[in-house]
Amino acid sequence: MLCVTVLPDVALCRLSLERGHKLEAEVAERLRRLLRKQDMLFGGERREWLLVLPGLQSAAVLTLAMMKIGQAFNAHSVVLEGLEVEVPVTCGASMAPEHGENPLHLVQSARIAALAAAQANLGGQIYDPGMEQVSPRLAQLERELRACFAGDNRLELHLQPKVRPQAGKCDAAEGLLRWQRMPDDWVPAPVIISLIDRMGMRHLFNRWLFQRAAHTLHSLREASVVITLSINLSASDLYDAEVPDLVGQALATWGIDARQLCLEITETGMIEERNGEGVTDVLRRLRALGISLSIDDFGTGFSSMSRLQQLSVQELKIDRSFIQDIARSEKDREIAASIIELSHRLGISVTAEGVEDEPTAAILTALGCDHLQGYLFARAMPVEAFVTWLEQPQG
């Protein structure tokens, strides 16, 4: 795995948006010309490219590849509409299984190596564990998180209701990750996910997550509650061919109807993937199980409604940035109205998250939004508290 990054540069910062896009296209094309037939190129973060180079015999070949990439950019500047621009790049490399057994861990190792190379003013470096310095607190959190997956039950899924406003009832919920280390000491969900990725435990976490979601639905059924439960899937999970199998195993273990499970994927993760074949196959197999697919934070990426129809998406969640000021911003109301109208034409339901007051809820209800989610109704809560909440009037 190679991570190629364009280094920050004053001239590049002054490029217009259009020229910036042309620069990225030129960098991608220049890298593509250097690849062998079996190699693969992916777009990563901003001005970052990931190269998968299968079948390399040694780390020495990676070093040669990084030198070749450096020469390709150092020897020739990029010309954009008559403007000649130097494009300084740095590379980081990682190898499987030494530097990571799953794709995400390999990418992270390569990014760390690229960062180390940039800091040392080098053209490229191969990952070394010494590049990472772990603070005592981080090391402690890692030990405790491992214990959570080894049988410690402090890692939980809490449920936040999704209310159907026209009917005045809750028939769905989102499962949100919660970790209480000690009384009054909750570890934020982004920190948990960051730790999981850092430790290369994404596959183990997914197995836990799918089993916990199915067990939660089983517990709710025991309490005579039947809802649809949504859980979040990361963009990297779309490249894991085992994810559909793990989901199917969890549903079978607890005897759960697949229609009760919905997987939420961020818009950029689902839409902006560069290697469509592998991702589309995972999505197809997930849909074949009978589960629903949802796009989270819709409106923050560059997807098209036709693309959503091709992916057989059942739900969109409007990004909260369009919801928080909807009572005061006519533009946000127009955006929400357009998303809802176009989605309904395609048979896609719409959820608005981040609903915190009555005026916002009233506007979204009038626009025909299918589900509302936010602090106006309830915060995420344990399963037992969720059942109690459901027994209260939902008016």
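Colleague: Which residue in strand 11 stands opposite Ala173?
Modeller: Strand 9 and strand 11 pair in the parallel sense over three bridges. Two strands pair if DSSP finds at least two bridges between them. Strands (E, at least two residues) and helices (H or I, at least four) are DSSP runs, numbered from the N terminus. Opposite Ala173, in strand 11, stands Leu229.

Colleague: What kind of model is this, and what pLDDT do local features need?
Modeller: Residues are numbered from 1 along each chain as its sequence is written, and side-chain values use heavy atoms, with hydrogens and water left out. The model is predicted: totals for chains, interfaces and linings use all residues, side-chain atom pairs count only at pLDDT 80 or more, and local features need pLDDT of at least 70.

Colleague: Back to strand 11. Which residue in strand 12 stands opposite Ile231?
Modeller: Strand 11 also pairs with strand 12, in the parallel sense. That pairing runs over five bridges. Across from Ile231, in strand 12, is Leu263.

Colleague: Which strand gives the largest share of the lining of the second largest pocket?
Modeller: This pocket has a volume of about 870 Å³. It has 33 lining residues, and Glu174, Leu176, Leu177, Ala189 and Asn232 are the closest to its centre. A pocket is an open set of points on a 1 Å grid over the protein atoms alone, with protein on both sides within 12 Å along at least five of seven lines; lining residues have an atom within 4 Å of a point, and a cavity is a set where a 1.4 Å probe fits but cannot get out. The largest share, five residues, comes from strand 9.

Colleague: Which helices each supply at least two residues of that pocket's lining?
Modeller: Strands contribute too, among them strand 8 (155–164) and strand 13 (292–298). By class, the lining has 15 nonpolar, eight polar and 10 charged residues. Ala, Val, Leu, Ile, Met, Phe, Trp, Tyr, Cys and Pro count as nonpolar, Asp, Glu, Lys and Arg as charged, and the others, Gly among them, as polar. The helices are helix 6 (189–198) and helix 7 (202–222).

Colleague: Which helix supplies the largest share of the lining of the largest cavity?
Modeller: The largest cavity has a volume of about 100 Å³, where a volume is the space filled by probe spheres set on grid points joined across faces, edges and corners. Its lining includes Asn102, His203 and Asp240. Three lining residues are nonpolar, four polar and three charged. The largest share, three residues, comes from helix 7.

Colleague: Now the open sheet of five strands. Why do strand 2 and strand 7 each have one side without a neighbour, and what is the average twist?
Modeller: The strand order is 2-3-1-6-7, with mixed pairing. Strand 2 (40–43) and strand 7 (124–126) stand at the edges, each with a single partner strand, so one side of each has no neighbour in the sheet. From one strand to the next, the twist averages 20°.

Colleague: Which angle does helix 2 make with strand 3?
Modeller: Strand 1 (residues 2–6) and strand 6 (residues 89–93) pair in the antiparallel sense over five bridges. Helix 2 (residues 17–34) packs on the sheet, touching strand 1, strand 2 and strand 3; contact means heavy atoms within 4.5 Å. Axes are lines fitted to C-alpha atoms, for helices over the stretch in contact, and angles run from 0 to 180 degrees between N-to-C directions. The angle with strand 3 is about 20°.

Colleague: Which residue in the hairpin of strand 2 and strand 3 takes a positive phi?
Modeller: These two strands pair in the antiparallel sense over four bridges. Gly43 stands opposite Trp49 there. The hairpin has four residues between the strands, and the one with a positive phi near 50° is Arg47.

Colleague: Where is the proline of the cis peptide bond with Ala96?
Modeller: The cis bond joins Ala96 and Pro97, with omega about 0°. Pro97 sits in the loop between strand 6 and helix 4.

Colleague: How far apart in sequence are the parts tied together by Asp245 and Arg285?
Modeller: The structure holds 21 salt bridges (a side-chain nitrogen of Lys or Arg within 4 Å of a carboxyl oxygen of Asp or Glu). Asp245 and Arg285 form one, at 3.2 Å, N to O. Asp245 lies in helix 8 and Arg285 in helix 10, so the pair ties together parts whose separation in sequence is 40 residues.
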